Amino acid sequence: MKFQLDKESTNLPEEAIKQEKPSLFQIILHNDDFTPKEFVIEMLQKLFFMDRLKASNVSLEAHTNGMAICSTGSKDYAESKVLQVVEYAKEKEFPLMCTAEVAV
């Protein structure tokens with residue numbers, strides 16, 4: 001037997017019937033005056049699987065604009081990538097910062 005749910009046959013408001021898309025989060029790399037460009041490029045290649053050209057462009061954007069978007073994804077993905085970046089930088093004793101925010 002096949003059931004079909006429509007809004008007339010339920011007491012739920014229309015908003016409850018619609019399924020919301022989960023929010024996407026932007027992973028943002030912040031510029032600083034201490035972390036070497038080569039380290040940033042290496043990190044982007046290793047943790048975000050970018051080729052060298054893409055990693056160089058993101059690094060240059062962060063340097064020029066103060067920040068650059070590395071990637072977007074779910075909240076869990078963004079939080080884990082931020083932790084990976086910060087821990088990787090800390091291991092090498094660099095103050096590189098990375099944050100996540102809801103994509104607009």
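**Exercise 1. Surface and interior.** State how much area the protein exposes and what share of it carbon and sulfur atoms supply; then give the percentage of residues that are buried.

*Solution.* Step 1: the exposed area of the protein is about 7,800 Å², and 54% of it is supplied by carbon and sulfur atoms. This value, like those that follow, is computed from a predicted model. Step 2: the protein has 104 residues, of which 32% are buried.

**Exercise 2. Fold and contacts.** Determine how many helices and strands the protein contains, in which order they follow one another, and what share of the contacts with a separation of 6 or more involves residues 24 or more positions apart.

*Solution.* Step 1: the secondary structure consists of four helices and three strands. Step 2: along the sequence these elements give the pattern α-β-α-α-β-α-β. Step 3: among contacts with a separation of 6 or more, 68% are between residues 24 or more positions apart.

**Exercise 3. The salt bridge.** Identify the residues that form the salt bridge, locate them in the chain, and classify the accessibility of Glu38 and of Arg52.

*Solution.* Step 1: the structure contains one salt bridge. Glu38 pairs with Arg52, and their closest N and O atoms lie 2.9 Å apart. Step 2: Glu38 belongs to helix α2 (residues 37–48) and Arg52 to helix α3 (residues 52–65), so the pair, 14 residues apart, links distant parts of the chain. Step 3: partly exposed residues fall between the 20% and 50% limits of relative accessible area. Glu38, with a relative accessible area of 46%, is therefore partly exposed. Arg52 has 41% relative accessibility and is likewise partly exposed.

Technical notes: Residues numbered from 1 in each chain as written. Predicted model: local features only at pLDDT ≥ 70, side-chain atom pairs only at ≥ 80, totals over all residues. Heavy atoms only, no water. Helix = DSSP H or I, 4+ residues; strand = E, 2+ residues; numbered from the N terminus. Buried < 20%, exposed > 50% of the residue type's maximum accessible area, 1.4 Å probe, protein only. Contact = heavy atoms within 4.5 Å. Areas by Shrake-Rupley, 256 points an atom, 1.4 Å probe, with all protein chains shown as cover. Salt bridge = Lys/Arg side-chain N within 4 Å of Asp/Glu carboxyl O.
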